[in-house]
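Let us take a walk through this fold together, moving from the sheet to the helices and then to a few loop residues. Please keep the sequence and the 3D view at hand.

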Amino acid sequence: MKIGFVGGGNMASALIAGLVGKTVAAAEKEHHQIHVIDVNPDALDKLKQQFGVTTALQIDAAIASCDVIVLAVKPQQMQDALALLLPYVSTQLILSIAAGIRSSDLSRWLNGYSAVVRSMPNTPALIGQGITGMFAMAGVSSSQRAMADAIMNAVGSTLWLEEENLIDSVTAVSGSGPAYIFYFMEAMQQAAQEMGLNEEQSRQLTLATFVGGAQLAKQSSEPVSTLRERVTSKGGTTHAALTSMAQSDVKHAIVQAMKAAEGRSRELGEEFGRVS
């Protein structure tokens, strides 16, 4: 499988690292089946040295021989990038990792080409712990779907959706989700310091609690509500904390915040799709 990347930013770099492997020297890899296009020569030099990929400063004929073209440019740059890519598109799978751009608009900008998969990864992909929501247009073959799945599995797990509008929900849950976690962690660390712990102690306790809690939930077959109840003794310290959160309607605020993210994801799709 030969893969071309249009854009060599952080997420593209994470995918390349996952596909190539992070522990083998670039000289031993010679991974010329990966071709990266980016306007930043420094970014290209770094990728070439790290992973042994071929590079170019602009879309060229080399992209025509790829089996998969990964669209990893900023949403605002997508239409211009596709105009340059169009002459080289024939039978390749087009895999977009750009936020907010609907597959129908990608297809329209490619003159109706429909072998398009839209995906929504998240930032834990940078350490191989991501999860990606994915939607395939009707023109995607079973083998192309398998290729898309293999690429995104290089940085975590995948979740395929039958309806594209659910990508907005994925964006609100897992796409934006890491920021909610970091926000809650900030609050926990602030509270810890206000209660007398130093900065490093606050960070250590908070990080270990989040990692441990997530792993416990992942390994347990029980719902998280049951796990929460097990920690909450009536009249105890956890009960006091959760009662305070309930009085502040924290759960409702989180739900509303995520619905706001979903709504904004839909709006972005409309905005980007209106680009002439």
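Which residue in strand 4 is the bridge partner of phenylalanine 5? The partner is valine 70. Keep in mind, as you look for this pair, that you are viewing a predicted model. Phenylalanine 5 and valine 70 give us a good way into the sheet, for strand 1 (residues 3–6) and strand 4 (residues 68–71) run parallel and are joined by 4 bridges.

Now step back to the sheet as a whole. It is an open sheet of 8 strands with mixed pairing, and the strand order reads 3-2-1-4-5-6-7-8. The edges are taken by strand 3 (54–56) and strand 8 (156–160); each has a single partner strand, so one side of each lacks a neighbour in the sheet. From one strand to the next, the twist averages 25 degrees.

The mixed character is easy to follow around strand 7. On one side, strand 6 (116–120) pairs with strand 7 (130–136) in the antiparallel sense, and 4 bridges hold this pairing in the model. Here methionine 120 stands opposite glycine 133 of strand 7. With strand 8, by contrast, strand 7 runs parallel, over 5 bridges. In that pairing, methionine 134 faces tryptophan 160 of strand 8 as its opposite number. As a reminder for reading this region, side chains in a regular strand alternate between the two faces of the sheet. How many of the 7 residues of strand 7 are buried? The count is 6, and the strand is mostly covered.

A helix also packs on this part of the sheet. Helix 7 (residues 166–175) touches both strand 6 and strand 7, and its direction makes about 30 degrees with that of strand 6. Leading into this helix, in the loop between strand 8 and helix 7, you will find leucine 161. Is leucine 161 buried or exposed? Its relative accessibility is 11%, below the 20% cut-off, so leucine 161 counts as buried. Leaving aside residues up to four places away in sequence, leucine 161 touches Met134, Phe135, Leu166, Ile167 and Val170. For a sense of scale, lysine 46 lies 115 residues from leucine 161 in sequence and 35 Å from it in space, C-alpha to C-alpha.

Let us move on to a pair of helices. Two packed helices are described by the angle between their axes and the distance between the axes. For helix 8 (residues 177–194) and helix 9 (residues 199–219), the axes come within 9 Å and cross at roughly 140 degrees. The two helices are therefore oblique to each other, and their crossing is right-handed. Helix 8 contributes Ile181, Phe184, Met185, Met188, Gln189, Ala192 and Gln193 to the contact, where they meet Glu199, Ser202, Arg203, Thr206, Leu207 and Phe210 of helix 9. By type, these residues comprise 7 nonpolar, 4 polar and 2 charged.

Finally, two loop residues deserve a look at their backbone. Most residues other than glycine have a negative phi. Asparagine 111, however, has a positive phi near 60 degrees. This asparagine 111 sits in the loop between helix 5 (103–109) and strand 6, and it is exposed, with a relative accessible area of 63%. Aspartate 249 also has a positive phi, of about 55 degrees, although it is not a glycine. Aspartate 249 belongs to the loop between helix 11 (237–247) and helix 12 (250–273), and at 41% relative accessibility it counts as partly exposed.

Note on methods. Residues are numbered from 1 along each chain as its sequence is written. This is a predicted model: local features need pLDDT of at least 70, side-chain atom pairs count only at pLDDT 80 or more; totals for chains, interfaces and linings use all residues. Side-chain values use heavy atoms; hydrogens and water are left out. Axes are lines fitted to C-alpha atoms, for helices over the stretch in contact, and angles run from 0 to 180 degrees between N-to-C directions. Angles under 35 degrees count as roughly parallel, over 145 as roughly antiparallel, 65 to 115 as roughly perpendicular and the rest as oblique. A crossing is left-handed if the near helix is turned anticlockwise from the far one by less than a right angle, and right-handed if clockwise. Contact means heavy atoms within 4.5 Å. Ala, Val, Leu, Ile, Met, Phe, Trp, Tyr, Cys and Pro count as nonpolar, Asp, Glu, Lys and Arg as charged, and the others, Gly among them, as polar. Two strands pair if DSSP finds at least two bridges between them. Buried means under 20% relative accessible area, exposed over 50%, partly exposed in between (1.4 Å probe, protein chains only).
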